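Subject: Structure handover

Hello,

Here is the structure I promised to pass on. My notes follow below it.

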Amino acid sequence: MTNLYIGQMFGSTDLVRMPAAVITGLGFLGAGTILVTKSHEIKGLTTAAGLWAVSIIGIAIGAGFYTGGVVCYAFILMAMNVLRLVDMHIKQEQHSIFVYFELRSRQVIGQMIRCAKADGVGLTDLTVYDESEYGTGGVVCGTCTLLLRRTTPEETVAAMDGLDGVLYITLV
């Protein structure tokens, strides 16, 4: 829409090269704000989208297209508030948790799986980092995702923490 407005006001659409470069540049800056954490969560996506959207609003207002800028701002404000509420609702209904653990030996993994099954908990995405692979010996640590059905996250972690050989376990 800004391109059409600039073409009508100034008679040339070649003026959009600069705004296109701004949008492209801010796309790269926004990409730098997106991070994947150790717990496999994506952070910074909303910030990246916000940077890009604000650059579009700035270009529209800078070109004198105030109506388009204000309408775009209203849509973004509405979407951000509505999507925040949707995100909060999803997080409340979420029945999976990510767990970090440290074990005395690999044999304890079988005990953890049996404990999870006994409580009706599904165990997926099991990743084990064995320090003995690096020549240091000792503790086995790892992560997994637990799919809860009947228990709370705290109850599940407490049950696994009580197993012989579990040195440390926590929600991530």
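Start at T143. Leaving aside neighbours within four places in sequence, T143 is in contact with F98, V99, Y100, F101, D125, L126, T127 and Y129. Please keep in mind that this is a predicted model.

T143 sits in strand β5. Its relative accessibility is 10%, so T143 counts as buried, the cut-off being under 20%. The rest of the strand fits that picture. β5 covers residues 140-147, and seven of its eight residues are buried.

β5 has a partner in β3, residues 96-103. The two strands run antiparallel, and eight bridges join them. One of the pairings is L103 in β3 with V140 in β5. Among the contacts of T143, F98, V99, Y100 and F101 have numbers that fall in the β3 range, 96-103.

Next, helix α5.

This helix takes in residues 107-118, twelve in total. From first C-alpha to last it reaches 18 Å, close to the 16 Å expected at 1.5 Å a residue. Its buried residues are V108, I109, M112, C115 and A116. Seen down the axis, they fall within an arc of 125 degrees, so they line one face of α5. Q107, R114, K117 and A118 are exposed on the other side. After α5 comes G120, with a positive phi near 75 degrees.

Helix α1 can be read in a similar way.

α1 spans residues 2-10, and T2, Y5 and I6 are buried in it. These three cover an arc of only 100 degrees around the axis, which puts them on the same side of α1. L4 and Q8 are exposed on the other side. Part of the cover over the buried residues of α1 comes from α3, residues 45-62. G11 follows α1, and its phi is also positive, near 80 degrees.

Last, the cysteines.

How many disulfides does the structure hold? Zero. C115 is in no disulfide: the nearest cysteine sulfur belongs to C144 and is 11 Å away. A disulfide would need the two sulfur atoms within 2.5 Å, so this pair does not qualify. With a relative accessible area of 13%, C115 is buried. C72 has 26% relative accessibility, so C72 counts as partly exposed.

That is what I have so far.

Best wishes

Key: Residues numbered from 1 in each chain as written. Predicted model: local features only at pLDDT ≥ 70, side-chain atom pairs only at ≥ 80, totals over all residues. Heavy atoms only, no water. Buried < 20%, exposed > 50% of the residue type's maximum accessible area, 1.4 Å probe, protein only. Helix = DSSP H or I, 4+ residues; strand = E, 2+ residues; numbered from the N terminus. Pairing = 2+ DSSP bridges. Contact = heavy atoms within 4.5 Å. Arc of directions from axis to C-beta. Expected span 1.5 Å × (residues − 1).
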